[in-house]
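Please go through the structure below with the following briefing at hand. The points are grouped by topic.

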Amino acid sequence: MLAEFEDAKILAGGQSLMPMMNFRYVMPEHVIDINRIPEIAQIEETGEGIKFGAMVRHNQAKNSKGVVARCPLISHGLEFVAHIQIRNRGTIGGSVAHLDPSAEWPGLLAAHDAVMHVQSKGANRDVPIAEWSLGYMTPNIEEGEMLTGVSVTAWPAGHSYGFAELARRKGDFALAGAAVLLNFAGDKIDRAAIALIGVDTGPVRLPDAESLLKDECWSDALLEEAANKASVVSGLDDVHATAAYRQKIAVVMVRRALEQAVARYNGEAMAA
Ligand SMILES: Cc1cc2nc3c(=O)[nH]c(=O)nc-3n(C[C@H](O)[C@H](O)[C@H](O)COP(=O)(O)OP(=O)(O)OC[C@H]3O[C@@H](n4cnc5c(N)ncnc54)[C@H](O)[C@@H]3O)c2cc1C
């Protein structure tokens, strides 16, 4: 149908498309409902990790035993998406196709180096998450293509994670947020992934901070130094916050997410 109809929009959970249609921001000639395609509504455990069908709902992923066990950062981070009614309808595919700069899914997927599976009538292609955002709310999807699924590689059993974001009210889109994965070898961090949301059009990884942490024993000073690397990201300037404010928040969010990950590894109780 995508190949057949001009000016067609896919309807997934409708939690972004319907408000945009109500406001007349988008006025498609055709709406193609993909809610009744069971093949793209499943969560599959693979040898490497998890494959999410595009129609997997936020809450379905959050509550999946496989996701909780193998990619706990994703399950935890999804608690920050909107409100329960929206999490029951909204989908991973809709979130990453809509690509709000502050959406949690893209940041959680960036920390996991996800691969997006895109399909058109005659072809399939895989897009690494690093190449997913082509600009403000512009995903790497061509006319006639749809996202069918997203694969993530799980980190080793026993890895730790943290997620922190600042939103004006609970359930609002974040001004900025950070998702962190840490793997430890004894007292040392042997692998780190840090992804920011809300500061650029797509999720941003912080490779300098990640390599600073690698093979080091954690300390408050080390976590602070790593978090300060977030200040190199220039930050979005909009009606909700200035770029300078988002930059400052990004640093604080990375530090909090790193602290959570270390505390979780040490079996310490987590602050709410
Ligand atoms: C009040 C409110 C608060 C919210 N707060 C948050 C929040 O804090 N964090 C957050 O992340 N999100 C938030 N959202 C958005 C919510 O997460 C949506 O579920 C999500 O952005 C879109 O998913 P959807 O499945 O509803 O997609 P839809 O609304 O159905 O579609 C969104 C867009 O993606 C396209 N699309 C959908 N599926 C595909 C596909 N498989 N392939 C190609 N294109 C596709 C559609 O054509 C459309 O352009 C909020 C929404 C509301 C209404």
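R205 is partly exposed, with a relative accessible area of 26%, whereas E210 is buried at 11%; buried means under 20% relative accessible area, exposed over 50%, and partly exposed in between, with a 1.4 Å probe and protein chains only. The two residues form a salt bridge in which the closest N and O atoms are 2.7 Å apart; the term stands for a side-chain nitrogen of Lys or Arg within 4 Å of a carboxyl oxygen of Asp or Glu. This is a predicted model, in which local features need pLDDT of at least 70 and side-chain atom pairs count only at pLDDT 80 or more, while totals for chains, interfaces and linings use all residues. Residues are numbered from 1 along each chain as its sequence is written, and side-chain values use heavy atoms, with hydrogens and water left out.

**Salt bridges**

- The count of salt bridges comes to ten.
- One network of salt bridges links D113, R205 and E210.
- R255 and E224 form a salt bridge with the closest N and O atoms 4.0 Å apart. This pair links distant parts of the chain, as R255 is in helix 10 (residues 243-265) and E224 in helix 9 (residues 220-228), 31 residues apart. Helices (H or I, at least four residues) and strands (E, at least two) are DSSP runs, numbered from the N terminus.
- R255 also meets the side chain of E259 in a salt bridge, at 3.4 Å from N to O. E259 and R255 both belong to helix 10 and are four residues apart, about one turn of the helix.
- The residues around R255 can be placed by their accessibility: R255 is partly exposed at 24%, E224 is partly exposed at 34%, and E259 is partly exposed at 37%.

**Ligand shell**

- The ligand has 31 residues around it, of which I10, Q15, L17, T91 and E104 come nearest. A residue is counted as near if one of its heavy atoms lies within 4 Å.
- By class, the shell holds 16 nonpolar, twelve polar and three charged residues. Ala, Val, Leu, Ile, Met, Phe, Trp, Tyr, Cys and Pro count as nonpolar, Asp, Glu, Lys and Arg as charged, and the others, Gly among them, as polar.
- Strand 1 (8-11), helix 6 (92-98) and strand 7 (146-153) each supply at least two residues of the shell. Helix 6 gives the most, with five residues.
- Domain 1 (8-153) and domain 2 (160-265) each contribute at least three residues to the shell. The domain bounds come from an automatic or database domain assignment.

**Polar contacts of the ligand**

- A polar side-chain atom of T91 is 2.6 Å from an oxygen atom of the ligand. A polar contact is a pair of N or O atoms within 3.5 Å; within protein, one must be able to donate a hydrogen and the other to accept it, and residues adjacent in sequence count only if both atoms are side-chain atoms.
- Two backbone atoms also take part: a polar one of L147 lies 2.9 Å from a nitrogen atom of the ligand, and a polar one of D172 lies 3.5 Å from an oxygen atom of the ligand.
- On its own the ligand has 980 Å² of accessible area, and the protein covers 88% of this. Accessible areas come from the Shrake-Rupley method with a 1.4 Å probe; for residues, only the protein chains shown count as cover.

**Helix 7 and the buried H159**

- Helix 7 (residues 104-111) has eight of its eight residues buried, so it is largely enclosed by the rest of the structure. Among them are E104, W105 and P106.
- H159 lies in the loop between strand 7 and strand 8 (160-166) and is buried, at 11% relative accessibility. A polar atom of the H159 side chain lies 2.9 Å from the backbone oxygen of P156.

**Positive phi angles**

- Most residues other than glycine have a negative phi.
- D113, just after helix 7, takes a positive phi of about 50°.
- D7 has a positive phi of about 55° although it is not a glycine. D7 lies in the segment before strand 1 and is partly exposed at 39% relative accessibility.
- R24 has a positive phi near 65°. R24 lies in the loop between helix 1 (17-22) and strand 2 (30-33) and is exposed, at 56% relative accessibility.
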